Amino acid sequence: MRDFEYEAPQSLNGAIQLLNQERVKPLAGGTDLIDHIRIGRVDTDLVVDIKKIPELNVLEVNPNGMRLGAAVPCRRIIQTSEVKELYPAIHDVCSIIGGIQIQSRASVGGNLCTSGAAADSTPALIALGAVCIINGPDGEREVPVEEFCTGPGANVLKQGELLVELRFPPADPNSSSHYRRFIPRYEMDIAVVGVGTALTLDESHSVIKAARVGLGAVAPKPFLASKVSEFLIDQPVNEETFTEAGNIARTLVAPIDDHRGTVEFRTHVTGVLVQRVLAETAQRIQQS
Amino acid sequence: MAKQRVVSTTINGESKSFLCEPRQTLLEVLRDSLDMTGTKEGCSNGNCGACTVLLDGNPVTSCLVLAVECEGSEIETIEGIADQDGLSPIQSAFLENAALQCGICTPGFIMSSKALLRDNPNPTEEEIRFYLAGNLCRCTGYDKIIDAVQDAAQRQSTSCQTTEAS
């Protein structure tokens, strides 16, 4: 592997100072970064380990919502029962990213910052309306997660800026969420289509009051399927509604054509998954 | 060239300090600096799980961990698995169920199985297959490995009962 220096600052300010220069990379779980350095895809003179910074290790669920530090590994998220109960799409994602070894190290924040088009966590974060808290040389700013990625492997972070945490709105008692992907294998694969949904139903659990659908792997970046979300509001909770939502979703995608899935296949699967993931989300609310 | 660092860890229960460059992975340091060649190098990109060790109790692929990150950490490797009086129940179960052929993946499978049986002493076949999805084996076809882990779970629960009874 190419030569580089390593620092592990204990404070956010210390990290930002180190990151505010050319050819430097932040290290969370390293499951992408270390491989990318080894194969020469990333050329860096300094690796800044951000796992010792307290703000990036926060995992807190309270009446104001959830705070998820950018360096919290998937395994810790899976083991936190409040996440499974109140933000189940995040639990779903963390359970299927890589194998157990990857889950021990990889973080949701890192998955977002790698900004892959097929990243599993991003559609779930979009569905749940997460907000990115970013800190940098010019201070703190907030970016809605659906505006964070700007293209394959690209995002809004400027030199010296660091994703500190993801903030989630409070979970309504009549709400739930789900993430599912299609992959050719049983485990350990990259999404061919990934769908995250969050629904809020009325008291009787028969009408949709709020909906957000995030789609991954079917465009240059994961995105909020606004047309699907708008259609779902005030619709009855039934198979026809979910099928129609899937049909609308098919009109919004712009997937690539490759050996893992053709455009036709990815477009078709988008509709099927949107339908199934919405149905599962509604069922989770009705069974709670 | 980046300066070498002194990293202090606990490996298999013993304090161990080593010198490394920031670019060296935990796998490289274990094998090349510490002569602990039980941990195997397979793909070197986190896909195969052959280099699995436990880092602060969690299974990780040591090819995707920088050795400098391990300051103050507890590391468990295949060299620490055997009991004082012989093979551990997991090792015996792998041997007796013929859960290995070429053997390159075996240390990784045993480390993952150890973590699995610690978290879940009586896993179902599906739970075993899901937990071990990050370990690849190109020889056995997996069935014998699943049998071995189930057998190991049985052996461990029997030995727990014996300990409680004595």
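**Group meeting: a two-chain predicted model**

Let's start with a bit of strand pairing: in chain A, S6(A) runs antiparallel to strand S10, residues 162-168, and five bridges link the pair. Within that pairing, Ile134(A) sits across from Leu163(A) in S10(A). Before I go on, please keep in mind that this is a predicted model.

So who else does S6(A) pair with? That would be strand S7, residues 139-144 of chain A, again in the antiparallel sense, this time over six bridges. If you want a spot to look for on the screen, find Cys132(A), which stands opposite Val143(A) in S7(A). S6(A) and S7(A) make a hairpin, and two residues lie between them.

Now, is S6(A) mostly buried or exposed? Here we're talking about residues 131-136 of chain A, and five of the six are buried, so the strand is largely enclosed by the rest of the structure. As a general reminder, side chains in a regular strand alternate between the two faces of the sheet.

Okay, let's zoom out to chain A as a whole. What does its secondary structure add up to? Eleven helices and 14 strands. The chain has 288 residues, and its radius of gyration is 19 Å; a compact globule with that many residues would come out near 19 Å, so the two agree. If you boxed up the C-alpha atoms along the principal axes, you'd need roughly 55 × 45 × 35 Å.

How much of chain A is buried? 54% of the 288 residues. On contacts, take those in chain A with a separation of 6 or more: 61% of them are between residues 24 or more positions apart. The surface that chain A exposes is about 11900 Å², with carbon and sulfur atoms supplying 50% of it. As for charges, chain A has 27 positive and 36 negative, and the mean positions of the two groups are 4 Å apart.

One residue in chain A I'd like to point out is Leu86(A), in helix H4, which covers residues 81-86. Is Leu86(A) buried or exposed? Neither, really: its relative accessibility is 32%, so it counts as partly exposed. Setting aside neighbours within four places in sequence, Leu86(A) is in contact with Val61(A) and Ala171(A). Compare that with Gly40(A): it is 46 residues from Leu86(A) in sequence, and their C-alpha atoms are 40 Å apart in space.

Right, over to chain B. Here we have five helices and five strands. In what order do they come? Starting from the N terminus, the elements go β-β-α-β-β-β-α-α-α-α. Chain B has a radius of gyration of 16 Å, and the globule rule gives 15 Å for 166 residues, which is close, so chain B is as compact as a globular protein of that length. Its C-alpha trace spans about 55 × 40 × 25 Å along the principal axes.

In chain B, 49% of the 166 residues are buried. Among its contacts with a separation of 6 or more, 54% come from residues 24 or more positions apart. The accessible surface of chain B is about 7800 Å², and 46% of that belongs to carbon and sulfur atoms. And how many charged side chains are there? Chain B has 12 positive and 23 negative ones, with the centres of the two sets 6 Å apart.

That's my tour; go ahead and shout if you'd like to look at any of it again.

How values were computed:
Residues are numbered from 1 along each chain as its sequence is written. Chains are lettered from A and ligands numbered from 1 in the order in which they are written. This is a predicted model: local features need pLDDT of at least 70, side-chain atom pairs count only at pLDDT 80 or more; totals for chains, interfaces and linings use all residues. Side-chain values use heavy atoms; hydrogens and water are left out. Helices (H or I, at least four residues) and strands (E, at least two) are DSSP runs, numbered from the N terminus. The radius of gyration is taken over C-alpha atoms; the globule rule is 2.2 Å times the number of residues to the power 0.38. Buried means under 20% relative accessible area, exposed over 50%, partly exposed in between (1.4 Å probe, protein chains only). Contact means heavy atoms within 4.5 Å. Accessible areas come from the Shrake-Rupley method with a 1.4 Å probe; for residues, only the protein chains shown count as cover. Lys and Arg count as positive and Asp and Glu as negative; His and the chain ends are not counted. The place of a charge is taken as NZ of Lys, CZ of Arg, CG of Asp or CD of Glu. Two strands pair if DSSP finds at least two bridges between them.
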